[in-house]
Amino acid sequence: MARQNENIFNLRLREWLGVPAYSARVAQFPKAEDPASPTLNEPWRKLSWGEKQKSLKYVQEYKPEQDDIRYLRVLLYGPVGAGKSSFINSVSNVLRDRITTPALASATTSDKSFTKKYETHKFYKGRGSSKTFYPLVFNDIMGLEDGTDRGVHADDIKLALRGHVKEDHKFNPVAPLTQDDPGYNPTPSADDKVHVLVCVMSANTPQMKSSVLEKMKSVRETASDLGIPQMAMMTHIDEACGETEKDLRNVYKSKYLRKKMKDFSAAVGIPMNCIFPVKNYSEEIDLNDDIDALILSALRKMVDFGDDFIEKI
């Protein structure tokens, strides 16, 4: 009887306070995921899609604090056809606010690397006589290929990490760079050394070859020994996932892309929070804020990780 009277009292109190008799707590639980759906109900990673200018300003205003370092140097490496050169062009587009092509890129899929030499890509800031460069540069490198005597040697990438590869050195798939070669830099400065190592892989690749994975792991071990921060970029996300192709903002809802990132993380050892899906500019003739948002999200972390490393040098 006491329990019944308590329930009646609570019911009358709710009526007097204007509170519904039955709580809507059930509605607060997240909607059950549909196993058959290619997307999650909510994105598993948050991204501020409408804050392009804030992120752009953050990257554009960055400057290394060390007097002997003019540029934060990012080295891109990865399998052939992953989109390394296209990513450099996409970064240039975002920073210069227009479509640009500083890095030659191939529009065809091939098992042979389009990039043949070691090249530093700088990004113009301003125009005319006041033109300078942003203190952020990217080094493009020949792609990794399956098997031996094909693509860039892992040892050449390791030398590049330490700043021993000269500008415009042409890679030789048969013979890695040695101290006797004209392309070898015997006395690299702090500016020549790599500050962030970024692996670029395609979300559209069914499975990475075991020999390529071994080369990547070898490079990662050397970078870890040197204390160089490491990230990964997952490209071609629109080609790999129909939901993302329809709406780029589905990128962090896509079950396929999330699994692809997890599989790559497990295979190479790069943590999930250091892997960033991006879409490179390819067929577009004008800038797109959603494409830029993903690129800037990755760029901000490159700047943060690289600056932390420079502070320790």
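This short talk covers strand β7 with its two neighbours, and then the second largest pocket, in a predicted model.

I'll start with β7, residues 230–235. The strand is mostly covered, and six of its six residues are buried. Where do the side chains go? Gln 230, Ala 232 and Met 234 point one way from β7, while Met 231, Met 233 and Thr 235 point the other way. In a regular strand the side chains alternate between the two faces of the sheet. Here both sets are buried.

Now the neighbours. Strand β6, residues 196–202, pairs with β7 in the parallel sense, over six bridges. One position to look at is Val 198, which stands opposite Met 231 in β7. To get from β6 to β7 the chain passes through helix α6, residues 210–226, and this β-α-β crossover is right-handed.

β7 also pairs with strand β8, residues 275–277, again in the parallel sense, over three bridges. There, Met 234 has Pro 277 of β8 as its bridge partner.

Next, the pocket. The second largest pocket holds about 260 Å³ of space. It is lined by 15 residues, and the closest to its centre are Leu 47, Ser 48, Ser 55, Ser 297 and Arg 300. Which helices supply at least two residues each to this lining? They are α3, 52–60, and α10, 289–312. Of the contributors, α10 gives the most, with five residues.

By class, the lining of this pocket has seven charged residues, four polar and four nonpolar.

To recap the strand part: β7 runs parallel to β6 and parallel to β8, with six of its six residues buried.

Notes. Residues are numbered from 1 along each chain as its sequence is written. This is a predicted model: local features need pLDDT of at least 70, side-chain atom pairs count only at pLDDT 80 or more; totals for chains, interfaces and linings use all residues. Side-chain values use heavy atoms; hydrogens and water are left out. Buried means under 20% relative accessible area, exposed over 50%, partly exposed in between (1.4 Å probe, protein chains only). Helices (H or I, at least four residues) and strands (E, at least two) are DSSP runs, numbered from the N terminus. Two strands pair if DSSP finds at least two bridges between them. A crossover is right-handed if, with the strands pointing away from the viewer, the path from the first strand over the helix to the second runs clockwise. On a 1 Å grid over the protein atoms alone, a cavity is a set of points where a 1.4 Å probe fits but cannot get out, and a pocket is an open set with protein on both sides within 12 Å along at least five of seven lines; lining residues have an atom within 4 Å of a point. Grid points are joined across faces, edges and corners, and a volume is the space filled by probe spheres set on the points. Ala, Val, Leu, Ile, Met, Phe, Trp, Tyr, Cys and Pro count as nonpolar, Asp, Glu, Lys and Arg as charged, and the others, Gly among them, as polar.
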